[in-house]
Amino acid sequence: GITEGLPVAQAELEKGTAEEVTLLWASRTMSDTFWHDDIERLKKEYPTKFRMIHILSREEREGCLHGRIDASILEKVFQPSDREEARYVSVGTKEMMRMTDGLLEGLGYPMPKHALIPKR
């Protein structure tokens, strides 16, 4: 999950070619999250390029989405300025990654065209 996602997001920010990097982190509760200092550092270092969005399934918290990832959440969170150039990577279990890639494809981001990291 996030142990793969945050380093990928950081690498994209450091590379400097992405207009925006949005990281959507699905957790049960906020207490299940970590790396808060690292995330805050990226927010401060890249205030106009980096967005961290939490979605919590078992806790309602101000500033966080509530529920589970579905097409409406992805559409709400990811609104790239250039749809053709948008790239995505999903991390988690194989089932979660297949589901997310399918949802993205349904929103008009077919894989592998929109894959940040091509699958081998």
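This is a short tour of a predicted model, one selection at a time.

**Stop 1: the whole protein**

Start with everything shown. The protein has four helices and three strands. Follow the chain from the N terminus, and the elements run α-β-α-β-β-α-α.

Now turn the model around. The C-alpha atoms fill a box of roughly 35 × 30 × 25 Å along the principal axes. How does the radius of gyration fit a compact globule? A compact globule with 120 residues would have a value near 14 Å, and the protein has 14 Å, so the two agree.

Switch on the surface. The accessible surface comes to about 8000 Å². Carbon and sulfur atoms account for 50% of that surface. Of the 120 residues, 36% count as buried.

One more item concerns the whole chain. Take the contacts between residues at least 6 apart in sequence: 64% of them join residues at least 24 apart.

**Stop 2: the sheet**

Select the three strands. They form an open sheet in the order S1-S2-S3, with parallel pairing. Which strands stand at the edges? S1 and S3 do, each with a single partner strand, so one side of each has no neighbour in the sheet.

Keep the sheet on screen and add helix H1, residues 2–15. Helix H1 packs on the sheet and touches S1 and S2. The direction of H1 makes about 170° with that of S1.

**Stop 3: S1 and S2**

Select residues 21–27 for S1 and residues 50–56 for S2. Seven bridges join these two parallel strands. Pick out Thr22 to see one pairing: its bridge partner in S2 is Arg51.

Is S2 mostly covered or mostly open? S2 is mostly covered, with six of its seven residues buried.

**Stop 4: helix H2**

Add residues 36–45, which are helix H2. Trace the path from S1 through H2 to S2. Together they make a right-handed β-α-β unit. Helix H2 lies across S1 and S2, and runs at about 140° to S2.

Look at the loop between S1 and H2, and find Trp35 there. Trp35 is not a glycine, yet its phi is positive, at about 60°. Trp35 is partly exposed, with a relative accessible area of 31%.

**Stop 5: S2 to S3**

Now select residues 65–66, which are strand S3. S2 and S3 pair in the parallel sense over two bridges. Find Leu56 and look across to S3: His66 stands opposite.

Step into the loop between S2 and S3, where Gly63 lies. Is Gly63 buried or exposed? Gly63 is exposed, because its relative accessible area is 76% and the cut-off for exposed is over 50%.

Then draw a distance from Gly63 to Ile53. These residues are 10 apart along the chain, and their C-alpha atoms are separated by 8.4 Å.

**Stop 6: the loop between H3 and H4**

Select helix H3, residues 71–77, and move on into the loop that leads to H4. Ser81 lies in this loop. At 66% relative accessibility, Ser81 counts as exposed.

Draw another distance, this time from Ser81 to Glu20. They are 61 residues apart along the chain, while their C-alpha atoms are separated by 9.0 Å.

**Stop 7: helix H4**

Select residues 94–106 for helix H4, and find Thr100 in it. Thr100 has 12% relative accessibility, so it counts as buried; the cut-off for buried is under 20%.

Which residues does Thr100 touch, leaving out those up to four places away in sequence? Thr100 touches Leu74 and Ser90.

From Thr100, draw a distance to Met111. These two are 11 residues apart in sequence and 11 Å apart in space, C-alpha to C-alpha.

**Stop 8: the segment after H4**

Stay at Met111 and add Pro112. Pro112 lies in the segment after H4. What kind of peptide bond joins Met111 and Pro112? The bond is cis, with omega about 10°.

To finish, show the whole protein again. Find the open sheet in the order S1-S2-S3, with H1 packed on it and H2 lying across S1 and S2.

Notes
Residues numbered from 1 in each chain as written. Predicted model: local features only at pLDDT ≥ 70, side-chain atom pairs only at ≥ 80, totals over all residues. Heavy atoms only, no water. Buried < 20%, exposed > 50% of the residue type's maximum accessible area, 1.4 Å probe, protein only. Pairing = 2+ DSSP bridges. Right-handed = clockwise from strand over helix to strand, strands pointing away. Contact = heavy atoms within 4.5 Å. Axes fitted to C-alpha atoms, helices over the stretch in contact; angles between N-to-C directions. Rg over C-alpha atoms; globule rule 2.2 N^0.38 Å. Areas by Shrake-Rupley, 256 points an atom, 1.4 Å probe, with all protein chains shown as cover.
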